[in-house]
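Work through the exercises below with the model open beside the text. Each task is followed by a solution in steps.

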Amino acid sequence: MRPHPDTPSDAGPGLLHVDAGGWGLTWAADGDGRMHQVGLGPDGHLAAAEVDPVWYPDAHPTLGGPDPFRPPALRITHADGTLTTRLRAERVDREPVDHDGTDDPLDEVVTLHTVDDLLPLRVRFRFRTHRASGVLEQWIEVDHDEDGPVILWDYDSLAPALLVGPDARVVQFGGSGWADEWAWTSESLTPGTKVLDSLGGIQPHLQRSPCLLVEPHGPAGEDHGAVLGLSVAWGGNVRFALDVRPRSGQDGRDLRLRAGANPLGAHYVLDPGTTFVTPTVAWTWSDRGRHGVSDRFHRWTRARVLRDPDRTRAVVANNWEATFFDFDEERITGLIRRSADVGAEVFLLDDGWFGTSHPRDDDDAGLGDWDVDRRKLPGGLTALTDAAGDAGIRFGIWVEPEMVNPASELYTEHPDWVIRDRREPREHRNQLALDPLRPEVRDFEVGVVDRTLAAAPATSYVKWDANRPVTDPGTEALATDRRSNAWVDWVHATWSVMERVASAHPDVELMLCASGGGRTDHGTLRWFHEFWTSDNTDPVTRVRMQWACQHFFPASATAAHVTRWGGRPLPFACAVALSGRFGIDLDLRALDDSDLGVLRRAVDCAVRTRPWVQHGTLHRLVSPVDGADRSRAALAFVAPDRSGAVLFAYQLDEPEHPGPVLRLPGLDPDATYRARITDLEHGTDGPEWEGTGSGFAEFLLDWGPTDPTTATIVEVTRR
Ligand code: GLA
């Protein structure tokens, strides 16, 4: 197949060039056929070995490979007990990417085939390009014909080597668990091995996002400096490992960066004739700072990950924070009407609508029993879908198909369906997780969505939740000597359920949720339209979470609802939700006319600005997570055709410095634009002024002194 025209052709088995779009990599074989990384980064795909490739770093270290003193990225015990793996390059294949015509015709899947030189075990290193964005997908596949199973102890998807500067930094995202997603930690890369990982299987990203930034030459800015962005597209435990070695007498350091599924407790027993596929890691290299990384990840997420990326996401009104489990038909139909009245487009009925013999009045009963609770909802779900139809609003519903309360009919009938070992299963949020390795469980989970949608005709939105981790792994579905495979197999089994649901209901929009953002990864997101970013909706915290999260995910996917969390002023809470996929989670009956006015204006603003927010280019302007003054944040979204833009400036805390001048990059430099401040609080016409795109790129407004928990919104349209 055709390589990209700028890419040197692969000469024989020993040379691999991957042009990822603006950057790339080159591997070359030494005299024994071992692959070494001779190029990585901008022009990395154009590199040629200047000395014998043996002097370059091992391309993907194995135990027994050229560099025995580094933690291996691939570590296998072979069927005969051999502990080492030594791979020899066999050939490189190139196939065009088959992806509904949206990709660059030159996009390709490049495969380097290697084989162990002692045992019949093969490893394929695979690369899928998306040159329009510059994001490269990379994974490996292992299979063998040995005399029995082999054990994979480490199976990183990639392991590039980098020469980094003394100020090299890594930015990780993750906090202390529930309601603390996307906490920003930037730190120096010092010698030693730093492992960043997550556990728990079902909602691991509550602990640590599977996304990472590496700044190899020191702190980068939005538009300057080298930045690598990585995302492990895996709905299970992940691991990044950064192995840093000093170089004697030199400033620089050697970094070996490994990324993939977390193999801790999850060694994989692989039978002859079967294939192990690692998660895909999507990564990119920007020489234009962090903006380059997010812009690339947004383009790639839209092109390759998100369902219906061009569909504008609706304004969703949810009842969870308004009612929790305490509602009845009248309360919900009232909320439906009020939601429609303020302009919401979807009403989402959350947890608590089901359970008959074990009514779901709290989180301790009913999960698993997906019949409507007629005490609360005597007219069934159809009474609600009818009410939504009458009010002119779409209907959505919450499900948690993978879980069960012990206090349920499901558990009484099928106590053997849950993930457990021989010990008494430990409850978490009073619930247990079902074992998706059982085919009957997978059918049941698909059926939960099918029957719910059948009971609520015309429902067009489903929130799919998962509210506990795996704490005591065990499964009867695997032989006793294969049970550690479950951590990997559970992810694939769960994905197969999600895939069945998505293909059976192509017109139903799906929101991905796991106690908040516990499943925010590019692997699971393939079957969803958006995710619930976090249960933490305190707008001050949310600004920082959304700031971090939107480095990797476009705003169209990051659901953000206005709530009372933190007791912040309503206009500020609305302004924060407006820079994500806007929604509302308020008791609309409890709002006075003034608050309802704020909300209506916010919905109007969401409808006006969402083409830019959801489909445009994000520019981060003032950072609330690093820099001199973290009391502020400012960001803007510019329409794809540059016809308009919206800028959000948030004052989070007491300012530490005078407000900066705000610039608006990305407009058409020669066009004339009108800027207007949107006043959500009073609805009065804000100040208006005109300027050119090039003028606004220099100066849009002087932020000036503002009070904590206030926001300035500037809408800009081309004249
Ligand atoms: C999780 C979700 C919430 C809500 C509750 C319902 O915590 O993150 O948004 O749906 O479950 O129990």
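**Exercise 1.** Locate leucine 377 in the chain, and state whether leucine 377 is buried or exposed.

Solution. Step 1: leucine 377 belongs to the loop that runs between strand S22 (346-349) and helix H4 (380-391); helices (H or I, at least four residues) and strands (E, at least two) are DSSP runs, numbered from the N terminus. Step 2: the relative accessible area of leucine 377 is 0%, so leucine 377 is buried. Buried means under 20% relative accessible area, exposed over 50%, and partly exposed in between, with a 1.4 Å probe and protein chains only. Step 3: leucine 377 and glutamate 329 are 48 residues apart along the chain, and their C-alpha atoms are separated by 4.9 Å.

The model is predicted: local features need pLDDT of at least 70, side-chain atom pairs count only at pLDDT 80 or more, and totals for chains, interfaces and linings use all residues. Residues are numbered from 1 along each chain as its sequence is written, and side-chain values use heavy atoms, with hydrogens and water left out.

**Exercise 2.** Describe the surroundings of the ligand: how many residues surround it, and which are the closest?

Solution. Step 1: the ligand is surrounded by 13 residues, of which Asp350, Asp351, Lys463, Asp465 and Asp535 are the closest; a residue counts if one of its heavy atoms lies within 4 Å of the molecule. Step 2: sorted by class, this shell holds six charged, four nonpolar and three polar residues. Here Ala, Val, Leu, Ile, Met, Phe, Trp, Tyr, Cys and Pro count as nonpolar, Asp, Glu, Lys and Arg as charged, and the others, Gly among them, as polar. Step 3: list the side-chain approaches to ligand oxygen atoms. For aspartate 535, an N or O atom of the side chain is 2.5 Å from such an oxygen; for aspartate 351, the distance from a polar side-chain atom is 2.6 Å; for lysine 463, it is 2.8 Å. Step 4: the ligand taken alone exposes 310 Å², and 95% of that is buried by the protein. Accessible areas come from the Shrake-Rupley method with a 1.4 Å probe.

**Exercise 3.** Analyse two aromatic pairs, and name the cluster that contains their rings.

Solution. Step 1: 28 aromatic pairs are found in a search of the whole structure. Rings of Phe, Tyr and Trp (its six-membered ring) pair if their centres lie within 6.5 Å; planes under 30 degrees apart count as stacked, over 60 as edge-to-face and the rest as tilted. Step 2: phenylalanine 297 and phenylalanine 552 make an edge-to-face pair, with 5.1 Å between centres and 65° between planes. Phenylalanine 297 is in helix H1 (residues 289-305), while phenylalanine 552 is in the loop between helix H8 (539-549) and strand S29 (558-562), 255 residues apart. Both phenylalanine 297 and phenylalanine 552 are buried. Step 3: phenylalanine 531 and phenylalanine 553 are also edge-to-face, at 5.1 Å centre to centre and 80° between the planes. Phenylalanine 531 is part of strand S28 (residues 530-532) and phenylalanine 553 of the loop between H8 and S29, so this pair ties together parts that are 22 residues apart in sequence. Phenylalanine 531 is buried at 1% relative accessible area, and phenylalanine 553 is buried at 0%. Step 4: one aromatic cluster comprises Phe173, Trp182, Trp184, Phe297, Trp300, Phe531, Phe552 and Phe553.

**Exercise 4.** Explain why H8 is described as largely enclosed by the rest of the structure.

Solution. Step 1: of the eleven residues of H8, nine are buried, so the helix is largely enclosed by the rest of the structure. Step 2: the buried residues include Pro539, Val540, Arg542 and Trp547. Step 3: the charged end of arginine 542 sits over the ring of tryptophan 532, 4.9 Å from its centre. For this, NZ of Lys or CZ of Arg must be within 6 Å of the ring centre and within 35 degrees of the ring normal. Step 4: at the N-terminal end, H8 is capped by aspartate 538, which has a side-chain oxygen 3.0 Å from the backbone nitrogen of valine 540.

**Exercise 5.** Place phenylalanine 324 in the chain and give its phi.

Solution. Step 1: phenylalanine 324 lies in the loop between helix H2 (320-323) and helix H3 (329-342). Step 2: its phi is positive, about 45°, although phenylalanine 324 is not a glycine. Step 3: with a relative accessible area of 40%, phenylalanine 324 is partly exposed.

Conventions: Polar contact = N/O pair within 3.5 Å; in protein donor to acceptor, adjacent residues only side chain to side chain.
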